[in-house]
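The exercises below are meant to be worked with the sequence and the coordinates side by side. Each one sets a task and then gives a stepwise solution.

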Amino acid sequence: STAIVWFRRDLRIADNAALYQACADHAGVVPLYIHAPQEEGSWQPGAASRWWLHHSLQALDTDLRHRGGALHLRRGASLSTLLEVAARTGADTVYWNRSYEPASIARDTQIKAALREHGIAVRSFSGASWQEPWQLTTLEGQPYRVFTPYWRKLRTLIDASEPLPAPARPPAMVLDGGESLGALDLLPSIPWDGGMREHWTPGEQGARDALELFADDAIGDYATARDVPARHGTSRLSAHLHFGEITPKQIHHGLLTMLRQRRADRSVDIEPYLRELGWREFAQHWLYHFPQVTNEHFNPRFNGFAWAAEDPEALRRWQRGRTGIPLVDAGMRELWHTGWMHNRVRMVVASFLTKNLRQHWLHGARWFWDTLVDADLANNTMGWQWVAGCGVDAAPYFRVFNPVSQAQKFDPKGVYLRRWLPELRDAPESTLHEPWKDRGLLQQTGYPAPMIDLGLSRQAALAAYQASRG
Ligand code: FAD
């Protein structure tokens with residue numbers, strides 16, 4: 001018998017339950033990817049995501065070819081494509097791994113019912129997560145709204161002694177007549193992706209290599225190094241996780257194995273890192289239970305908040321890294337150049353936009369959506385609402401990050417600032433963090449004067465917040 005494995009946000013071969021089971025149950029297996037961005041509602045993949053997707057699909061196809069298969073690529077509506085491929089191949093079952101964004105859940109529910117009406121069975125499996133987003137509830141049966149108890153509960157359920165599934169038998173069917181990867185039109189027409197190519201290797205092997213590098217170099221002092229933007233102190237697995245090129249289970253197993261092999265002499269605490277993966281799962285849990293949050297404040301108290309009017313010029317300066325505030329500009333340029341930004345700096349630039357400039361967090365979320373290679377609806381929405389103060393378990397609104405003291409604390413020598421702000425490369429340490437104090441420096445280098453006074457704008461934001469509380 002024949003089955004289709006419908007790849008979506010699970011672009012890997014290892015630890016892939018749908019692929020594994022399809023290959024175990026059927027002699028013929030067709031690996032299929034359907035490009036259907038129109039089915040992702042108002043959050044269709046942005047430019048940096050599409051770049052990653054192109055390369056990830058290419059890597060998956062290469063891996064499948066090494067195993068005697070090939071990825072059959074199509075574009076169009078998912079349901080009619082599935083029906084057509086099933087009719088052509090005689091497939092009687094479609095296998096997939098679940099994805100949890102609101103638009104995907106609605107689509108998959110509909111497709112499951114329609115396929116069944118056509119006599120085609122559907123088998124769906126857990127996606128790249130430890131738990132399904134609906135599995136954990138509080139004692140009262142409610143969704144969690146605070147991270148720590150959620151994590152405490154989730155942690156008790158994570159068992160690294162559970163083995164990973166054995167490799168799937170290779171899928172054997174190669175189907176002609178699909179689209180070429182180029183025809184999906186995922187790559188930019190103007191080649192602005194040089195920085196991304198330099199920094200990333202999308203695909204399953206790229207994910208494994210990033211994990212190895214992290215285990216070799218950074219996991220040992222992750223708890224402190226993760227806050228230092230100049231260092232390669234975090235795993236940089238976020239885009240790999242988003243596209244399902246690696247799962248939390250594989251990461252956990254992989255870290256334990258690598259550490260056993262390489263660092264038998266040193267005990268390394270991986271808990272702080274696992275906890276961050278827990279935040280990812282918390283975001284999925286939150287989005288599952290409150291799907292409106294992609295466009296609305298989670299905390300309704302903010303519905304009356306006086307955001308400043310949309311200011312295209314201010315937004316443009318923020319986007320291009322020309323605000324005159326070094327840490328903000330360095331972060332925004334890192335994002336533009338590489339498709340990624342360090343987490344601490346994400347918090348700082350988001351605070352600057354939503355508090356100092358008082359622009360609605362959705363303006364920032366949309367920009368990140370288009371420029372991040374790891375753009376992820378759950379994590380991005382949670383991150384933005386968290387910083388803006390209106391999200392789940394959020395930072396209180398009155399916590400306004402001070403980009404100068406943040407830079408002094410986490411980048412005291414200015415290594416990160418100098419890396420991304422060539423104008424300030426030769427600025428003395430004494431003025432690097434507040435270049436406006438040296439007018440000559442601004443004139444010589446062309447680095448902009450601050451677009452806003454940090455202290456006054458902070459006061460104005462706090463006043464707006466007080467006013468909205470009545
Ligand atoms: P590591 O520190 O190595 O963490 C490992 C993994 O844990 C990450 O890959 C990620 O999957 C998860 N993780 C870590 N921190 C968080 C967090 N705060 N929330 C949820 N999951 C987390 N992350 C995204 O993956 N996509 C986004 O679109 C995104 N947008 C963000 C927007 C804002 C405003 C903020 C403040 C944070 C955002 N984050 C987002 C969370 C975080 O910044 C990134 O996950 C992290 O920087 C990715 O780098 P890393 O893989 O090296 O992280």
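**Exercise 1.** In this predicted model, determine which residues of α16 are buried, and state what covers them.

*Solution.* Begin with the burial criterion, under which a residue is buried if 20 or more other C-beta atoms lie within 10 Å of its own. In α16 this holds for Leu 377, Ala 378, Asn 379, Asn 380, Thr 381 and Met 382, and likewise for Gly 383, Trp 384, Gln 385, Trp 386, Val 387 and Ala 388. Since 12 of the 12 residues of α16 are buried, the helix is largely enclosed by the rest of the structure. Finally, look for the cover: α11, α14 and α15 are included in what lies over these buried residues.

**Exercise 2.** Compare the span of α16 with the expected one, and describe the backbone just after α16.

*Solution.* The 12 residues of α16 reach 16 Å from the first C-alpha to the last, which is close to the 16 Å expected at 1.5 Å a residue. Just after the helix, Gly 389 takes a positive phi of about 95°.

**Exercise 3.** Classify the crossing of α11 and α16, and analyse the residues that make the contact.

*Solution.* The axes of α11 (residues 271-289) and α16 (residues 377-388) come within 8 Å and cross at roughly 90°. Angles of 65 to 115 degrees count as roughly perpendicular, and α11 is therefore roughly perpendicular to α16. From α11, the contact draws on Arg 280, Ala 283, Gln 284, Trp 286 and Leu 287, while α16 supplies Leu 377, Ala 378, Asn 379, Thr 381 and Met 382. Sorted by class, the residues of this contact comprise 6 nonpolar, 3 polar and 1 charged.

**Exercise 4.** Describe how α14 and α15 pack together, and which residues meet.

*Solution.* Helix α14 (residues 343-356) packs against helix α15 (residues 361-371) at an angle of about 145°, and their axes are 9 Å apart. On the α14 side, Ala 350, Leu 353 and Thr 354 meet Trp 361, His 363 and Gly 364 of α15. The class count for this contact is 3 nonpolar, 3 polar and no charged residues.

**Exercise 5.** Set out the domains of the chain, and characterise the contact of domain 1 with domain 2.

*Solution.* According to the domain assignment, the chain holds domain 1 (2-127), domain 2 (128-162 + 204-289) and domain 3 (294-469). The C-alpha centres of domain 1 and domain 2 lie 25 Å apart. Their contact takes 16 residues from domain 1 and 17 residues from domain 2, and the domain 1 side has 7 nonpolar, 3 polar and 6 charged residues.

Terms used: Residues are numbered from 1 along each chain as its sequence is written. This is a predicted model: local features need pLDDT of at least 70, side-chain atom pairs count only at pLDDT 80 or more; totals for chains, interfaces and linings use all residues. Axes are lines fitted to C-alpha atoms, for helices over the stretch in contact, and angles run from 0 to 180 degrees between N-to-C directions. Helices (H or I, at least four residues) and strands (E, at least two) are DSSP runs, numbered from the N terminus. Two residues are in contact if their C-beta atoms, placed from the backbone, lie within 7 Å. Ala, Val, Leu, Ile, Met, Phe, Trp, Tyr, Cys and Pro count as nonpolar, Asp, Glu, Lys and Arg as charged, and the others, Gly among them, as polar. Angles under 35 degrees count as roughly parallel, over 145 as roughly antiparallel, 65 to 115 as roughly perpendicular and the rest as oblique. Domain bounds come from an automatic or database domain assignment. The expected span of a helix is 1.5 Å times one less than its number of residues.
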